[in-house]
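Me: I have a structure in front of me and would like to learn how to read it. Could we take the features in turn, with the general idea before the case?

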Amino acid sequence: MSDRRSKTFMADLIRKYMPSREEMAENRWLSPIAHRFLSPELWRFTRRSVPRGVALGLFAAFIVPLGQIFLAAFLALPSRANVPLAALVTFVTNPFTFPFWAVMANRTGAFVLNLDNAVGGDAAREIAHDGGALAGWFELAGVTAFGFVVLAIVSAAIGYLMASLIWRLMVARKRTKRLRDMAQRGDPLKGEAVGSEPTQGEA
């Protein structure tokens, strides 16, 4: 990993625990598109790449039980999302948190499908009894899988909005602090454009 220190704690943390561009490019699972991971554009922290990275990371985390990092990295290429951030966010689902998310996915799937109202609790138990335990397990798995799809879509949308909001707040706070420091030193304003995009490393 690079020893270069960014201006924010989040960017430093991501660079510390995530593989470098070269390591991602050398991964055998990503070998068909490995050369594209060397593009600096995919490793910059900007107001567009950060929310996209968060959204894709959450989507990949819930949509597949295994290989989330590789899916997030693959999806980050065409969308020009931040690759290390997308990969890091996928750890929201891991062997320790999976049981919790499985229960949440099952309840979410049942709620969206409205199984209780459409079939009724007693009728559902009767169907499971007539079909045997195998039918009950298939029903449980189907509802849970559907719930994971719903969680993937909803969490990606919420993650994108939250990351965009947090980014704007961080940039506004940093700009305010910079202007205040300049005023205290008596420096003239540098003509910083309002709404300008921060440089690399300003996450």
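Me: Let us start with a single residue. Is S39 buried, exposed or partly exposed?

Reply: This is a predicted model. Buried means under 20% relative accessible area and exposed means over 50%. S39 has a relative accessible area of 27%, so it is partly exposed. As for its place, S39 sits in the loop between α2 (21-25) and α3. The C-alpha atoms of S39 and R80 are 10.0 Å from each other, although these residues are 41 residues apart along the chain.

Me: Which elements make up the chain, and how many are there?

Reply: There are eight helices and zero strands. Along the sequence the pattern reads α-α-α-α-α-α-α-α. Of the chain's contacts with a separation of 6 or more, 70% are between residues 24 or more positions apart.

Me: How far should I trust the coordinates?

Reply: Where pLDDT is low, predicted coordinates should not be read in detail. Here the chain averages a pLDDT of 75, and 62% of the residues score at least 70. Among the elements, α3 has the highest mean, 94, and α7 (residues 115-118) the lowest, 54. Residues 1-7 have a pLDDT below 50, and that stretch has 17 contacts in the model beyond near neighbours in sequence. Residues 191-196 are also below 50, with five such contacts.

Me: What span should α3 have, and how far apart are its end C-alpha atoms?

Reply: The check uses 1.5 Å a residue, with one less than the number of residues as the multiplier. For the 15 residues of α3 this gives 21 Å, and the end C-alpha atoms are 21 Å apart, which agrees. Twelve of those 15 residues are buried, so α3 is largely enclosed by the rest of the structure. Among the buried ones are P51, G53, V54, L56 and F62.

Me: Where do the buried residues of α6 fall when seen down its axis?

Reply: An α-helix has 3.6 residues a turn, so residues three or four places apart point the same way. In α6, the buried residues are W101, A102, A105, T108 and G109. Seen down the helix axis, they fall within an arc of 130°, so they line one face of α6. F100, R107 and F111 are exposed on the other side of α6. The span of α6 also checks out: 16 residues should cover 22 Å, and the end C-alpha atoms are 22 Å apart. Just after α6, N114 has a positive phi of about 55°.

Me: Which residues have the most contacts inside the largest nonpolar core?

Reply: A nonpolar core is built from buried residues of certain types, joined through side-chain atoms within 4.5 Å. The largest one here has 16 residues, and V54, F62 and F148 have the most contacts inside it. Two or more residues each come from α3 (49-63), α5 (83-89), α6 (98-113) and α8 (121-185). The greatest share, six residues, is from α8. Beyond its neighbours within four places in sequence, F148 touches F62, F98, W101, A102 and A105. Another core lies apart from this one; it has eight residues, including L56, A76, A81 and V83.

Me: What share of the chain is buried, and what supplies the exposed area?

Reply: Buried residues are 35% of the 203 in the chain. The chain exposes about 12800 Å², with 65% of that supplied by carbon and sulfur atoms.

Notes:
Residues are numbered from 1 along each chain as its sequence is written. This is a predicted model: local features need pLDDT of at least 70, side-chain atom pairs count only at pLDDT 80 or more; totals for chains, interfaces and linings use all residues. Side-chain values use heavy atoms; hydrogens and water are left out. Buried means under 20% relative accessible area, exposed over 50%, partly exposed in between (1.4 Å probe, protein chains only). Helices (H or I, at least four residues) and strands (E, at least two) are DSSP runs, numbered from the N terminus. Contact means heavy atoms within 4.5 Å. The arc is that of the directions from the helix axis to the C-beta atoms. pLDDT is the predictor's confidence in each residue, from 0 to 100. Accessible areas come from the Shrake-Rupley method with a 1.4 Å probe; for residues, only the protein chains shown count as cover.
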